[in-house]
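Me: I am new to this structure and would like a close look at one residue, chosen for what it touches. Please begin there and then lead me, step by step, through the other parts that can be described with care.

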Amino acid sequence: MQHRTTSVDTASPAAVSAERFLRVRRTTEGLVGPLSAEDMQVQSMADVSPTKWHLGHTTWFFETFVLEAEPGFEPFDPAFRILFNSYYEQVGERHPRPRRGLLTRPRIAEVLAYRRHVDERLAALLETPERLGDRLELVELGLHHEQQHQELLLMDIKHVLSCNPLAPAYRAELAPKGRDAAPQEWHRFRGGLFEIGHDGDGFAFDNEGPRHRVHVDDFKLSSRPITNRELLAFVEDGGYETATLWLSDAWGRMQTEEPWRAPMYWQKRDGVWVQFTMNGLEPLRLDDPATHVSYYEADAYARWADARLPREAEWEVAARGRAIEGNFLEDGRWHPRAYTGGETDEADAPVQLFGDVWEWTQSPYCAYPGYQAAAGAVGEYNGKFMANQFVSRGGSWATSRDHVRATYRNFFHPWTRWHFGGVRLAKDV
């Protein structure tokens, strides 16, 4: 999950309470409960950050952007300003991202003490929010930033644990009983002129606006994300060995840097497909939504299936007005779940648009018409990353329910697979 985003719409003071602040902060600490200090130290690749660093960085955000403006401010530890800065050039020096795993100090106990120190100071300020003034918006931004890091933390620790030959579980739980996924269907949407982007009512990140008009042709959207069973058919049909299904950039990468032959975390053992999950190594759950799929793989699968990926405007048109319902972090299921049908479904409408897996679109991540980055360091969240990435929509099982919305634009490089990315198909009419 990317955390390169900035608030464009102000939050009302009532939306930023000490209770909400502490609830979000405690959720993060609850996520590290199953981990040892050794687990929280490891950086398994450059894209992954150690759990300990996530705990420190999300605290650094509140100290740097909110508490530093307090009269008589003194930092908890001046060195933390460098150690836990991510990419904010205007804040100052940063420890290099690929070397975060070398930070054996501070110890995890010191990082947790840092969190408690900042939590106490900020919670006290939120009891009298008028003392914060305009910084209330930064507190709201910081809460959504932390929710993004909750998902990042889970993405990263899953990769860390997957690199251990013991295949340890994040949570040793029995896999749910298998359920057959509902059949894949197609839903037609009429084209026309639509407004997309955030309307300014409540919180949003700056890359969700400005709201603007787009023309969308008639299109079809599949009823649900593709399943492991459907993706397995692509694998067994030689999809990973068929050059004509792949973009040139993807095929070249597969022949040199990353010789993919199946989705990330899949393995074939004694002729049986297994998958590394938060529960450890399990038999492949065939009816669950496929996850850990790169844009390149999603695009190749869509071509094999005689379809394409949706454009982000199409996705938003299909999702607008729909209830934010699905499998989210609060449900504690730790993996996408099969959709088997339900009595409350809207007639002739796609399901699982929110939660379970982020859905790749074929839209490059770029600025909406009229976009301007915010002034100051927080303006570095988003605009400078608007190149060479693709938009994902809808959230995943590791996304908080109150963090996602139909206009939310996540973004990843096309080769990334460690995030909880999946595939929904579209077709022209």
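Reply:
**A residue between two helices, and beyond**

Leaving aside its neighbours within four places in sequence, E70 is in contact with L125, R131 and R135. The model is a predicted one, and what follows should be read with that in mind. E70 is found in the loop between α2, which covers residues 51-65, and α3. This residue counts as buried because its relative accessible area is 13%, and the limit for that word is under 20%. One of its contact partners, R131, is 61 residues away from E70 in sequence, although the two lie 9.2 Å apart in space, C-alpha to C-alpha.

A second loop residue can be read in the same way. G101 has its place in the loop between α3 (80-83) and α4 (108-126), and, once its neighbours within four places in sequence are set aside, G101 is in contact with Q41, Q43 and P50. G101 and T51 are 50 residues apart along the chain, while from C-alpha to C-alpha they are 9.5 Å apart in space.

Two of the partners of G101, Q41 and P50, appear again when we turn to enclosed space. The structure holds 1 cavity of 30 Å³ or more, and the largest cavity has a volume of about 40 Å³. Its lining is made by Q41, P50, K52, W53, F84, R100, L103 and P106, and these lining residues divide into 5 nonpolar, 1 polar and 2 charged.

**Strands and their partners**

Further along the chain, strand β3 (residues 192-196) is joined to β5 by 5 bridges, and the two run antiparallel. Within this pair, L193 has H215 of β5 as its bridge partner. In a regular strand the side chains alternate between the two faces of the sheet. Strand β5, residues 212-216, shows this alternation: H212, V214 and V216 point to one face and are buried, whereas R213 and H215 point to the other face and are not buried.

Another group of strands forms an open sheet of 3 in the order β2-β6-β14, with antiparallel pairing. The edges of this sheet are β2 (186-189) and β14 (426-428), each of which has a single partner strand, so one side of each is left without a neighbour in the sheet. From one strand to the next, the twist averages 25°. Strand β6, which spans residues 219-222, is joined to β14 by 3 bridges in an antiparallel arrangement, and there the bridge partner of F219 is D428.

There is also an open sheet of 3 strands in the order β7-β8-β9, again with antiparallel pairing. Its edge strands are β7 (266-269) and β9 (280-283), each pairing on one side only, and the twist here averages 35° from one strand to the next. The antiparallel pairing of β7 with strand β8 (residues 272-277) runs over 4 bridges, and in it W266 has Q275 of β8 as its bridge partner.

**A helix against the sheet**

Helix α6, residues 228-236, brings us back to β7 and β8, for the buried residues of α6 pack against these two strands and against α8 (295-304). In α6 the buried residues are N228, E230, L231, L232, F234 and V235. The helix is followed by G238, whose phi is positive, near 80°.

**A strand with two neighbours**

Last comes strand β11 (residues 390-393), in which F390 and S392 point one way and V391 and R393 the other way, with all of them buried. Strand β10, residues 358-364, pairs with β11 in the antiparallel sense over 3 bridges, and β11 also pairs with strand β12 (residues 410-412), antiparallel and over 3 bridges. F390 takes part in both pairings: F390 is the bridge partner of P364, and F390 also stands opposite F412 in β12.

How values were computed
Residues are numbered from 1 along each chain as its sequence is written. This is a predicted model: local features need pLDDT of at least 70, side-chain atom pairs count only at pLDDT 80 or more; totals for chains, interfaces and linings use all residues. Side-chain values use heavy atoms; hydrogens and water are left out. Buried means under 20% relative accessible area, exposed over 50%, partly exposed in between (1.4 Å probe, protein chains only). Two strands pair if DSSP finds at least two bridges between them. Axes are lines fitted to C-alpha atoms, for helices over the stretch in contact, and angles run from 0 to 180 degrees between N-to-C directions. Contact means heavy atoms within 4.5 Å. On a 1 Å grid over the protein atoms alone, a cavity is a set of points where a 1.4 Å probe fits but cannot get out, and a pocket is an open set with protein on both sides within 12 Å along at least five of seven lines; lining residues have an atom within 4 Å of a point. Grid points are joined across faces, edges and corners, and a volume is the space filled by probe spheres set on the points. Ala, Val, Leu, Ile, Met, Phe, Trp, Tyr, Cys and Pro count as nonpolar, Asp, Glu, Lys and Arg as charged, and the others, Gly among them, as polar.
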